Amino acid sequence: MSGRISVLEARFLPREFFLNMISQERIEDIVPHLQDTFLKDYLAPGAVREDFGALPDRCFYDMALSLRGNCPSTIPVDIFLLQSDYLNLKGALTGATAFPFPISLFTQEMLLAIVHEDYAELPRSLRESTGWTAGDAFQIDSGILDIMLDGSYLRHLLSLANEIESEMVSIYVKERVLAYIVIVLWRAANQGISLKRYQQHLLPLEDFTQVVIELTGINNPETWPAVIGGIIGDLFNESLESYADEQISSFDLKVTNYLTRIARDGRLQTAGPERVFSFLAGLNVEMQNLKLVVTGRLNRIDQDLLKERLKDCYV
């Protein structure tokens, strides 16, 4: 596996590659560059203009599943696949029978059973939600269900991080969870949504339970950095210096770059879960950058703005 990862990592692209793509004036001039990326096998005629946004996600999912089948432990891969499973779970809990997101940990049979109110295989992390009552699942307010699913997703991530014996992966996941909490609460505060809702339905969240309780008791995010603490708190504080409508996106970008720096440490490992985990973290960033650049140029987004939003590359 380590040898395969080394070969794949050699295909990662530097920041200069993306800057060159952004500088192209016509989309027709961007397409040839995609032949040098992991997406080259997904570029059917017309695919770029018709539905490019879905191609990076499909590429990432296919690669993750391919690696998962050869991993001694599936946890390093499952951490990245989990989010799409929860999006499908939300669909099942609202009665949908078509699941548009990649299926991995939560099978289609399990999701269809939930649609028919059979909750036998419902994730334990959702059962642990404060206020969850399976019998009333379809009666839950959609806003509250979103909060419950966010909490369930984060608990599931933390449980996977607790199972894996890797300090680097554990740090990465816990920092990601903290940043996710901050973004969810920040958006709610900006939208005027009562943060007490989150204290009621997002918890419990292991070591972050107290952070959520404290943050939801403070309506003004400008005073949050001391509660958040650590590097995530510092990045939050830096983001407050941005224009009000750019603060959350600025924070998200800073956190992504910070997590990429953590993931790069996995390249130094010759074996173990860090190799696969770090590669997928790098691939995830590369797919996000490709989506940003191509869809941005298709939608005539300002080139300087795209450069500002470009995430730090893995290499």
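**Figure 1. Asparagine 257 counts as buried, because its relative accessibility is just 11%, and buried here means under 20%.** Everything in these close-ups comes from a predicted model. Asparagine 257 has its place in helix α15, which runs over residues 247-264. Its side chain reaches out to the backbone nitrogen of aspartate 312, at 2.8 Å. Leaving aside residues up to four places away in sequence, asparagine 257 touches Lys311 and Asp312. So Asp312 turns up both as a residue touched by asparagine 257 and as the owner of that backbone nitrogen.

**Figure 2. Helix α15, the home of asparagine 257, seen as a whole.** How many of the 18 residues of α15 are buried? The count is 13, which leaves the helix mostly covered. Its length works out too: at 1.5 Å a residue, 18 residues should span 26 Å, and the end C-alpha atoms of α15 are indeed 26 Å apart, so the two agree.

**Figure 3. Helices α2 and α3 pack against each other.** Here α2 covers residues 15-23 and α3 covers residues 27-34. Their axes sit 8 Å apart and make an angle of about 155°. That makes the pair roughly antiparallel, because angles over 145 degrees fall in that class. Which residues meet in this pairing? From α2 come Phe17, Asn20 and Met21, and from α3 come Ile30, His33 and Leu34. Sorted by type, the residues of this contact are four nonpolar and two polar, with no charged ones.

**Figure 4. The loop between α11 and α12, with a cis peptide bond and a positive phi.** This loop links α11 (196-201) to α12 (209-215), and proline 204 lies in it. The peptide bond joining leucine 203 and proline 204 is cis, with omega about 5°. Glutamate 206 has its place in the loop between α11 and α12 as well. What is the sign of phi at glutamate 206? Phi is positive, about 45°, although glutamate 206 is not a glycine. As for solvent, glutamate 206 has 43% relative accessibility, so it counts as partly exposed.

**Figure 5. Arginine 300, another non-glycine residue with a positive phi.** Phi of arginine 300 is near 60°. Arginine 300 lies in the loop between α16 (273-298) and α17 (303-309). Is arginine 300 buried or exposed? With a relative accessible area of 74%, arginine 300 is exposed, because the cut-off for that class is over 50%.

Note on methods:
Residues numbered from 1 in each chain as written. Predicted model: local features only at pLDDT ≥ 70, side-chain atom pairs only at ≥ 80, totals over all residues. Heavy atoms only, no water. Helix = DSSP H or I, 4+ residues; strand = E, 2+ residues; numbered from the N terminus. Buried < 20%, exposed > 50% of the residue type's maximum accessible area, 1.4 Å probe, protein only. Polar contact = N/O pair within 3.5 Å; in protein donor to acceptor, adjacent residues only side chain to side chain. Contact = heavy atoms within 4.5 Å. Expected span 1.5 Å × (residues − 1). Axes fitted to C-alpha atoms, helices over the stretch in contact; angles between N-to-C directions. Parallel < 35°, antiparallel > 145°, perpendicular 65-115°, else oblique. Nonpolar A, V, L, I, M, F, W, Y, C, P; charged D, E, K, R; others polar.
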